[in-house]
Amino acid sequence: MNRTSACTAALVLLAVSAASADPGSTLREAFQDHFLIGAALNASQFAETAPARQDLITSQFNTLTAENVMKWQPIHPRPGQYHFAAADRFVAYGERHDMFLVGHTLVWHSQTPSWVFQDDSGNPLDRAALLERMREHIHTVVGRYRGRVHGWDVVNEALNEDGSLRDSPWRRIIGDDYLEHAFRFAHEADPDAELYYNDYGLESEAKRRGARALLQRLQAAEVPLTGVGIQGHGSLDWPSPQAVADTIETFADLGLRVMITELDICVLPSRSRRVSADIAQRQQAGDRLNPYPDGLPDAVQRRLARRYAELFAVYLQYRDVVDRVTFWGVTDGDSWLNNFPIRGRTNYPLLFDRAGQPKPAYQAVLETAARFANVEEDTPLSVP
Ligand code: XIL
């Protein structure tokens with residue numbers, strides 16, 4: 001039986017309850033023998049102004065990702081102008097707390113200013129000029145934190161949902177080999193840093209197949225590539241644990257390390273219907289799309305806990321290839337999902353509530369780790 005079917009035919013049943021996790025245990029303790037566990041932070045979170053939140057971050061996590069401050073727009077907003085102050089603070093903060101630091105992200109179509117792709121007169125750059133700009137940016141940013149930032153999301157979200165290469169300005173101007181160059185530049189700037197390809201939706205079959213082909217192509221070209229970041233943005237119904245297992249296995253089969261890099265679970269309705277201009281109708285639609293402004297009902301809270309338990313059961317099953325699991329934020333209040341894909345909603349996607357208190361999902365994750373510690377190596381876990 002291969003690992004995938006073993007996962008389906010899981011024998012060990014887990015009961016998820018909100019009680020009984022070892023109160024002394026934290027996430028970083030619970031997973032210390034298995035993988036790193038972390039969170040993405042924004043500038044206000046590493047400013048160290050709120051002591052209670054600081055304890056939460058430093059006691060729970062051993063790896064941190066820059067949620068925004070290292071993206072092109074904030075760190076290199078104008079030609080020749082770098083704003084390093086916030087990224088410097090992020091790195092200093094991480095070092096003070098002995099964290100494995102992840103830089104996010106060097107080459108992406110989003111949060112990248114339009115001047116990057118234009119010459120001084122506003123005309124599109126040619127291939128050689130854009131490659132030179134990419135080289136300069138990567139060498140400057142990665143070089144500045146050489147030996148201090150341990151891994152980089154070198155290229156982010158290069159694929160379409162059907163698995164083909166996204167028609168970003170990077171690809172349009174440089175060609176399909178822009179990824180190869182990005183990885184080589186990053187490796188030149190810090191030969192010891194881990195280098196990742198990072199994307200969302202890889203749990204869907206078409207995109208996963210496209211990612212596999214892309215990564216194989218990079219490997220055939222001997223590009224310095226450490227692993228794949230599966231972002232892990234999910235909902236209460238998607239992706240299935242089986243799809244997560246298949247995805248991890250697909251990349252592990254290529255000999256790559258695997259990380260879950262941006263984990264969160266949206267609990268709100270995803271699709272907006274066509275809404276007429278009528279104010280009352282819009283109000284009703286708004287209520288439907290933002291159903292829990294004053295708190296998450298217990299039943300949904302329990303579903304979320306179970307969802308996290310089943311996901312962590314899969315991550316634990318693949319702990320020999322999974323190096324890291326990073327949440328995209330610390331508390332529900334920090335999450336980008338309060339404003340995406342619809343602004344101003346009240347979402348509950350993480351393990352800690354708006355007051356920084358652990359939710360049932362947190363207990364469920366700790367319990368999954370505790371149960372795992374009590375079963376034989378390689379026994380798959382599942383949640384009934
Ligand atoms: C998001 C941040 O969380 C937001 O604060 C920002 O406004 C937009 O970007 N995939 C990624 C991340 O790789 O960089 C995105 O982060 C979330 C989706």
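Helices (H or I, at least four residues) and strands (E, at least two) are DSSP runs, numbered from the N terminus. With those labels in hand, you can follow each view below; remember that this is a predicted model.

**Figure 1. The whole chain has 13 helices and 11 strands.** Let's start with an overview. Of the 384 residues in the chain, 54% are buried. Now look at the contacts between residues at least 6 apart in sequence: 79% of these join residues at least 24 apart.

**Figure 2. Asp98 and Glu48 are two loop residues with a positive phi.** Asp98 sits in the loop between H5 and E4. Its phi is about 60 degrees, a positive value although Asp98 is not a glycine. Is Asp98 buried or exposed? Asp98 is exposed, because its relative accessible area is 66% and exposed means over 50%. Glu48 belongs to the loop between E2 and H3. Glu48 also is not a glycine, and its phi is positive, near 60 degrees. With a relative accessibility of 32%, Glu48 counts as partly exposed.

**Figure 3. Helix H3 (residues 51–60) has a buried side and an exposed face.** Which residues of H3 are buried? They are Gln54, Leu56, Ile57 and Gln60. These residues cover an arc of only 160 degrees around the axis, so they lie on the same side of H3. Turn to the face pointing away from that buried side, and you will find the exposed residues Pro51, Ala52 and Asp55. The cover over the buried residues of H3 includes helix H2 (27–30), strand E2 (36–41), strand E3 (63–66), helix H5 (85–96) and helix H13 (360–373).

**Figure 4. Helix H6 (residues 127–144) spans the length expected from its residue count.** At 1.5 Å a residue, the 18 residues of H6 should span 26 Å, and the C-alpha atoms at its ends are 25 Å apart, which agrees. The buried residues of H6 are Leu130, Leu131, Arg133, Met134, His137, Ile138, Val141 and Val142. Because they cover an arc of only 160 degrees around the axis, they fall on the same side of H6. Among the elements covering the buried residues of H6 are helix H4 (72–75), strand E4 (100–107), strand E5 (151–156), helix H7 (169–174) and helix H8 (178–189).

**Figure 5. Val116 is a buried residue in the loop between E4 and H6.** The relative accessible area of Val116 is 0%, so this residue counts as buried. What does Val116 touch, leaving aside its neighbours within four places in sequence? Val116 is in contact with Trp72, Leu125, Leu130, Arg133 and Trp170. Two of these partners, Leu130 and Arg133, are also among the buried residues of H6. You can also find His76 in this view: its C-alpha atom is 9.6 Å from that of Val116, although 40 residues separate the two along the chain.

**Figure 6. Helix H10 (residues 241–252) packs with helix H12 (residues 298–317).** The 12 residues of H10 should span 16 Å at 1.5 Å a residue, and its end C-alpha atoms are indeed 16 Å apart. Nine of those 12 residues are buried, so H10 is largely enclosed by the rest of the structure. The buried residues of H10 include Ala243, Thr247, Glu249 and Phe251. How are H10 and H12 arranged? Their axes are 9 Å apart and meet at an angle of about 25 degrees. The two helices are therefore roughly parallel to each other, and H10 passes H12 in a right-handed crossing. On the H10 side, the contact is made by Pro241, Val244, Ala245 and Ile248; on the H12 side, by Glu310, Leu311, Val314 and Tyr315.

**Figure 7. Ile260 is a buried residue in strand E9 (residues 257–266).** Ile260 has a relative accessible area of 1%, so Ile260 is buried. Not counting residues up to four places away in sequence, Ile260 touches Ile230, Gln231, Gly232, Tyr315, Arg324, Val325 and Thr326. Arg324 is 64 residues from Ile260 along the chain, yet their C-alpha atoms are separated by 6.2 Å.

**Figure 8. Two peptide bonds are cis: His104 to Thr105, and Phe340 to Pro341.** In the bond from His104 to Thr105, omega is near 0 degrees, and Thr105 lies in strand E4. Omega is about 0 degrees in the bond joining Phe340 and Pro341. Pro341 is found in the loop between strand E10 (322–327) and H13.

Note on methods: Residues are numbered from 1 along each chain as its sequence is written. This is a predicted model: local features need pLDDT of at least 70, side-chain atom pairs count only at pLDDT 80 or more; totals for chains, interfaces and linings use all residues. Side-chain values use heavy atoms; hydrogens and water are left out. The expected span of a helix is 1.5 Å times one less than its number of residues. Buried means under 20% relative accessible area, exposed over 50%, partly exposed in between (1.4 Å probe, protein chains only). The arc is that of the directions from the helix axis to the C-beta atoms. Contact means heavy atoms within 4.5 Å. Axes are lines fitted to C-alpha atoms, for helices over the stretch in contact, and angles run from 0 to 180 degrees between N-to-C directions. Angles under 35 degrees count as roughly parallel, over 145 as roughly antiparallel, 65 to 115 as roughly perpendicular and the rest as oblique. A crossing is left-handed if the near helix is turned anticlockwise from the far one by less than a right angle, and right-handed if clockwise.
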